[in-house]
Amino acid sequence: LAKKLSGYMQVSALSRREDRLSNLKKYKINTYKIDVTEYNKFRELIKKIVTKHGKITHVIYCAGTQQIKPLRSLNDEDINNIFAVNTIAPLVLSTLLASRRISSNDLVYCLVSSIASFKAEPGIIPYSMSKASMNAMIRGMALELAPKRIVGVAPGWLETEMTKNLSN
């Protein structure tokens with residue numbers, strides 16, 4: 001989350017993991033520990049940030065999770081967790097960003113989707129579905145929230161902590 005103040009950008013970073021936030025403090029980035037699937041706490045934190053720093057002008061939503069399993073091995077918890085992080089949490093954030101009290105008219109909201117949303121493969125069907133849902137949300141929000149800019153990026157395979165132990 002970012003807010004331009006007097007020629008500089010006021011930046012806030014949110015993560016569920018404290019270790020992801022600790023190095024950012026030296027750059028004067030405001031850090032907040034939050035699990036985006038705790039929707040009420042997530043909403044309250046966003047409101048707190050706006051109260052403290054002003055309306056939001058830029059957001060990058062890059063939280064994501066996947067579970068690589070064949071369909072026969074998936075359970076409800078796997079499915080719910082994937083959709084909670086990849087689809088519902090960014091939609092919760094979107095409902096807040098739609099408000100003029102929360103974000104400015106020149107908002108840029110970028111959501112990180114995945115090439116898997118267009119190219120489903122065995123073992124990642126819920127992940128592909130959740131990212132395809134995100135793409136539909138991006139297209140709809142771009143129309144509904146204009147002049148606010150809602151954009152998405154759909155990268156291919158990236159080596160991340162989540163993917164480093166997976167075969168590609």
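Which residues in α2 meet A84, I88, A89, V92, L93 and L96 in α3? They are Y39, F42, R43, I46 and K47. Keep that pair of helices in mind as we walk through the chain together. One thing to know at the start is that this is a predicted model.

## The overall layout

Let us begin with the whole chain. The protein chain holds 4 helices and 6 strands. If you follow the sequence from start to end, these elements come in the pattern β-β-α-β-α-β-α-β-α-β. The chain has 168 residues, and buried residues make up 40% of them.

How do parts of the sequence come together? Take the contacts in the protein chain with a separation of 6 or more: 61% of them join residues 24 or more positions apart.

## How the helices pack

Two packed helices are described by the angle between their axes and the distance between the axes. Here are both values for two pairs that share α3.

| Helix pair | Angle between axes | Distance between axes |
|---|---|---|
| α2 and α3 | about 40° | 10 Å |
| α3 and α4 | roughly 15° | within 8 Å |

Start with the pair from our opening question. Helix α2 covers residues 39-53, and its axis makes an angle of about 40° with that of α3. That angle makes α2 oblique to α3. The crossing of α2 past α3 is right-handed.

Now look at the other pair. The axes of α3 and α4 cross at roughly 15°, and the two helices are therefore roughly parallel to each other. Their crossing is left-handed. On the α3 side, the contact is made by I82, F83, N86, T87, P90, L91 and S94. On the α4 side, the partners are P126, Y127, M129, S130, K131, S133, M134, M137 and M141.

## A closer look at α4

Helix α4 runs over residues 125-144, which gives it 20 residues. From its first C-alpha to its last it reaches 28 Å, close to the 28 Å expected at 1.5 Å a residue.

Which residues of α4 are buried? They are P126, Y127, S128, S130, K131, M134, N135, M137, I138 and M141. These buried residues pack against the helix α3 (76-97) and also against the strands β4 (56-61), β5 (103-112) and β6 (149-153).

After α4 comes a loop leading to β6, and P147 is found there. The peptide bond from A146 to P147 is cis, with omega near 15°.

## Three residues in loops

Loops deserve a look too. V36 sits in the loop between β3 (30-33) and α2. Is V36 buried or exposed? With a relative accessibility of 14%, V36 counts as buried. Setting aside its neighbours within four places in sequence, V36 is in contact with F42, Y61, A63 and A89. Two of these names may look familiar: F42 in α2 and A89 in α3 also appear in the meeting of those two helices. V36 also shows how the chain folds back on itself in the model: V36 and N86 are 50 residues apart along the chain, while their C-alpha atoms are separated by 9.8 Å.

L71 lies in the loop between β4 and α3. This residue has 55% relative accessibility and counts as exposed. L71 and P122 are 51 residues apart along the chain, and their C-alpha atoms are separated by 8.3 Å.

K28 belongs to the loop between α1 (18-21) and β3. Its phi is near 65°, a positive value in a residue other than glycine. At 71% relative accessibility, K28 counts as exposed.

## The cysteines

How many disulfides does the model contain? The count comes to 0. C62 is in no disulfide, and the nearest cysteine sulfur, that of C110, is 8.9 Å away. C110 is likewise in no disulfide, with the sulfur of C62 as its nearest at 8.9 Å. A disulfide needs two cysteine sulfur atoms within 2.5 Å, so a separation of 8.9 Å does not qualify. The surroundings of these two cysteines can be described as well: C62 counts as exposed at 58% relative accessibility, whereas C110 is buried, with a relative accessible area of 15%.

Methods: Residues are numbered from 1 along each chain as its sequence is written. This is a predicted model: local features need pLDDT of at least 70, side-chain atom pairs count only at pLDDT 80 or more; totals for chains, interfaces and linings use all residues. Side-chain values use heavy atoms; hydrogens and water are left out. Buried means under 20% relative accessible area, exposed over 50%, partly exposed in between (1.4 Å probe, protein chains only). The expected span of a helix is 1.5 Å times one less than its number of residues. Contact means heavy atoms within 4.5 Å. Axes are lines fitted to C-alpha atoms, for helices over the stretch in contact, and angles run from 0 to 180 degrees between N-to-C directions. Angles under 35 degrees count as roughly parallel, over 145 as roughly antiparallel, 65 to 115 as roughly perpendicular and the rest as oblique. A crossing is left-handed if the near helix is turned anticlockwise from the far one by less than a right angle, and right-handed if clockwise.
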